[in-house]
Structures are given as structure tokens and as C-alpha cells.
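Colleague: I would like to learn how to read a model of this kind, feature by feature. Where should we begin?

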Amino acid sequence: MKSEEMKDAVAGDPQENESEAAGVSRRAFVGAATLAGVGLVSMNAGAQTVKEALAGRANGSDSNPGQENQPLLEENPSSNMPPPTDRGDVGAIWYSFDLAHKRLQSGGWTHEVTQRVLPSSKEIAGVNMRLTAGSFRELHWHTADEWAFMITGKARITLLQPDGKMFVDDVGPGDLWYFPAGFPHSIQGLEGPGCEFLLVFDQGDFSEDDTFLLSDWLAHTPPEVLMKNMGWSKAEIEKLPPTPLYIFNAPLPKSLDADKQSIGQYLETKNVYTFKASTMQPTKTTAGGEVHVVDSTNFPVAKNVAMAKVRVKPGGIREMHWHPTGTEWQFYIKGKGRMTVFNTASRARTMDFNANDVGFVPSMAGHYIENTGKEDLVFLEMFKTSKYLDVSLNDWIARMPPEMAEAHLKLTAAAIAKVPQEKYENLPK
Ligand code: MN
Ligand code: MN
């Protein structure tokens, strides 16, 4: 919207008077925020009003003669100088894996974006991990469900069910897996350059440093108990790893068929813990892009985590919408995007997103994601839910009785009829 149009749009807006009255306390709050860590991403256009922001831009009050972190500014223009429509505090909605320090071992690395750095995200935490060819993420289990998206390369995963059946499968780029809480599992990088993947856990405060490791348990059990429990000799127990392995090098495994044969009668064949999303047809394709939705309806073991993988073409937009299921945790894979989160009480926050960034949307809050780059924008929308749901603002406007829409929007029926009927991604007409 151009400045002139914006002025027309807000002329006589009672919100302006209300917000000026409330301005003092909001300004005090903003002044108390810090620029470190959380403060940086939850700080925002506190008591800004559209009128004041436009006036400031018009008379050059937006100049900044002092210091700047130029690369950060270039990546986050909407965060530094928000659109005039931004206002109030929606909480933290951005973090990047490129700020999360890596735990590096011989065999790969891991780093995480959890509630510790993105405090709004109470339902979901994310981990990004790399394993070189043959290397293992050690046999382990944990208190959260684990959902995974393969970013590059191939991996072999195994899982043991409580009934003693063992599942094994290989996954490639774009494929998924799902490990229910408490089910022990492993991940091994396969031939070539190994692999990299995103893990999503259904607990915001989950940490990859808080998992039950095979080596750790054995190292903290009296040797005489291990002798009784496993039937191993004292000499054999002395060969066990004295410290946790976590990530470590190993030779490449045998073929998948050979592993299945060695599991024999204990091979799990009913429950499938992998989903070959790489070969799935889009759930919906529109002029502006496509979406793949995977939840418990097409991936039955994924009971607590659902995904929409969204591709938006240059110039396109993931339309204005919200989710009745709760909060949304996003992972940006490719391209550049801009999102505004709209929350209750006139709060709105706009930020820019690049590959390897994490986005967050508070429960039920309205949002869109615009492709602001020259290539396709690809990102994941993740939810702690069994069934993916979203509500389209355009559906709502277009399907209510026309008189109702006219009364609310002060538009003619002809203007209301322009609203696109294609759900998900739109390109400008
Ligand atoms: Mn795990
Ligand atoms: Mn969404």
C-alpha cells in the first residue's frame, strides 16, 4: 500500500485515538526490553500508530546516523523498520539455526532451536542434524514424539516397538519418519556424502542433549547387574564404551534387504514409521504454488505432529489464514519470505525469513507468507496435532452472504467477488 492510500485507509480510524491513549504504558514496556537474545526478536513496534509512522517516514525521522549491523539489516528489513501497520507485541516469532551453536563430533553435528531461544514455542522444538556416510546417531529414546524431514542424502532408520518387533527402512531427500515417545531408535547416514535432516519434537522445551542413550545406561549400571541381565562376562563388559557415543563413525551397513533378513520373524510389517513424501503428489496445486499435507490421515503413526510443505512461486503469497489446531512452527528450506503475524488487541508483527530460519505463529493468530525473492520459497508449517487444519480468510469473505460482507467491509458486491477462490497460494491477478 502506498503512503497516500494508507492515509486514506486510516482516516478517522478510532484505533488511532485509542492507541495514543494507551501509548504511555506501551512505551514504558518497550523501553524496558533489551536487545540481547529474546529481546531482539520480541521487541517491536510497541506503541507505533499508522499515522505517526507515516509522518515519521515523510519527514525523514526514520534516518539512522548511528551504528548499524548492515548484513543483519539487509536480511531483516521488515524487522528493523516495520510497516506502518505493525503494532504491539506478539512475542518472539523468529530465530535461525544459523545462530544455534553446533555440537560437533567425528561423524557429524547437531544443533537445536527450542523454547530456550524461541520462548513462544511451547508445543514444538526443532533439531537440525548431519551424519556423514556410515555414521550413527546412537541408539536412544526420549520423552517427546520425533517427526523428521530428510533435507539431503540418505539414511537408514530402525525402531523397536514395545511388542518386540523391529522396523527398518531407508529414507531419501523429502522423505519423513515418525518415532513415538519412548520407542527406541537409531539413524545412520548412508553412502555418498551422508545426510542432513530436520527433527521436530512435540515438546517446546525438548533438547537433543536430554535423551536416553544406550551407552550411557550401560556405563551407569553396576557390572554385576549387566552380567546377570545380559549374560556377558566381566571381560566383555570392560569393552563397553565408558562415555556416551551420541554421534560416531561406523562402517556402512549391509543392504536394507540383508538387514530385514537378519531381523527375520521379528520384522515389523504392519506399522510403517516412514513416509515417502518425495513421491507424493501435491495435496493442492494452484497458480501461485503447491502444498503437500502429511498428517495422521495419510501417515497413520504420526499421531501428534502434522506438516504442510509449502512452495510459493516468486511474486506469490501463501494466503491470509490461521489454524484452529494451535501454534505453528515453521522451517524455511529455500528462498526468501515475509510474514506478518496478526494477534488480538491490534497487535501485528512483520519479519523476514531466509533459508535455515525458524518462524513461529501464536495459537490461532492470522498470518500470510509472501515470497519476496526471485526463486521459489519453500518452507514447512509444523503443528502439534493429528489432523492438519487451516481457515482461509478469503473463503470466509467470499462465502458469507454478500450483504453481510458488504456491511462489514464497506465494499460493493463486485469488489467482494474479486476475492480468489483458490485456497493456499495466490499470484497477483
Ligand atoms: Mn530421537
Ligand atoms: Mn500457517
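Modeller: With the metal, keeping in mind that this is a predicted model. The protein donors of the manganese ion (ligand 2) are His-321 (NE2), His-323 (NE2), Glu-328 (OE) and His-367 (NE2), and they lie 2.1 to 2.2 Å from the ion.

Colleague: What spacing do the donors of the manganese ion (ligand 2) follow along the chain?

Modeller: The spacing is H-x1-H-x4-E-x38-H. Glu-328 belongs to strand 19 (residues 328-334) and His-367 to strand 23 (residues 366-371), so this pair ties together parts that are 39 residues apart in sequence.

Colleague: Are Glu-328 and His-367 buried or exposed?

Modeller: Both Glu-328 and His-367 are buried.

Colleague: Next, salt bridges. How many does the structure hold?

Modeller: There are 14 salt bridges. To read one, look at the distance, then at where each partner sits. Asp-169 and Lys-276 meet through their side chains at 3.2 Å, N to O. Asp-169 is in strand 8 (residues 166-171), while Lys-276 is in the loop between strand 14 (274-275) and strand 15 (284-286), so the pair ties together parts 107 residues apart in sequence.

Colleague: How accessible are Asp-169 and Lys-276?

Modeller: Asp-169 has a relative accessible area of 11% and is buried, because buried means under 20%. Lys-276, with 33%, is partly exposed.

Colleague: Which residues are linked in a network of salt bridges?

Modeller: Arg-318, Glu-381, Asp-390 and Lys-423 are linked in this way. Take two of the contacts in turn. The side chains of Asp-390 and Arg-318 form a salt bridge of 3.0 Å, N to O. Asp-390 lies in the loop between strand 24 (377-383) and strand 25 (391-392), and Arg-318 in strand 18 (residues 317-322), so the pair ties together parts that are 72 residues apart in sequence. Asp-390 counts as buried at 11% relative accessibility, and Arg-318 is buried at 0%.

Colleague: And the contact with Lys-423?

Modeller: Lys-423 and Asp-390 meet in a salt bridge of 2.9 Å, N to O. This pair also links distant parts of the chain: Lys-423 is in the loop between helix 14 (413-416) and strand 26 (425-426), Asp-390 is in the loop between strand 24 and strand 25, and they are 33 residues apart.

Colleague: Now the nonpolar interior. Which residues touch the most other members of the largest nonpolar core?

Modeller: Of its 53 residues, Trp-147, Leu-176, Trp-177, Phe-197, Trp-329 and Met-382 do. Strand 11 (residues 195-201) gives the most to this core, with six residues. Trp-177 is a useful one to select in the viewer: leaving out residues up to four places away in sequence, its contacts include Trp-147, Ile-157, Val-171, Phe-197, Leu-199, Tyr-273 and Phe-299. Another core, of 22 residues, lies apart from the largest one, and among its members are Met-339, Val-341, Phe-353 and Tyr-388.

Colleague: How do I read a sheet?

Modeller: Follow the order of its strands and find the edges. Seven strands form an open sheet in the order 1-22-19-24-17-16-15, with antiparallel pairing. Strand 1 (94-96) and strand 15 stand at the edges with a single partner strand each, so one side of each is left without a neighbour in the sheet. On average, neighbouring strands of this sheet are turned by 20° against each other, direction ignored.

Colleague: How many bridges pair strand 17 (residues 306-312) with strand 24?

Modeller: Seven, in the antiparallel sense. Within strand 24, Met-382 stands opposite Met-307. Met-382 was also named above for the largest nonpolar core.

Colleague: Last, the backbone. What should I look for?

Modeller: The sign of phi. Most residues other than glycine have a negative phi. Met-364 is not a glycine, yet has a positive phi of about 70°. Met-364 is found in the loop between strand 22 (357-361) and strand 23, and counts as partly exposed at 44% relative accessibility.

Colleague: Where is Lys-410 placed, and is it buried or exposed?

Modeller: Lys-410 is in the loop between helix 13 (402-409) and helix 14. With a relative accessible area of 68%, Lys-410 is exposed. Lys-410 also has a positive phi, of about 60°, although it is not a glycine.

Technical notes
Residues numbered from 1 in each chain as written. Chains lettered and ligands numbered in written order. Predicted model: local features only at pLDDT ≥ 70, side-chain atom pairs only at ≥ 80, totals over all residues. Heavy atoms only, no water. Donors = N, O, S within 2.8 Å, 3.2 Å for Na, K, Ca; no water. Helix = DSSP H or I, 4+ residues; strand = E, 2+ residues; numbered from the N terminus. Buried < 20%, exposed > 50% of the residue type's maximum accessible area, 1.4 Å probe, protein only. Salt bridge = Lys/Arg side-chain N within 4 Å of Asp/Glu carboxyl O. Core = buried A, V, L, I, M, F, W, Y, C linked by side-chain atoms within 4.5 Å. Contact = heavy atoms within 4.5 Å. Pairing = 2+ DSSP bridges. Axes fitted to C-alpha atoms, helices over the stretch in contact; angles between N-to-C directions.
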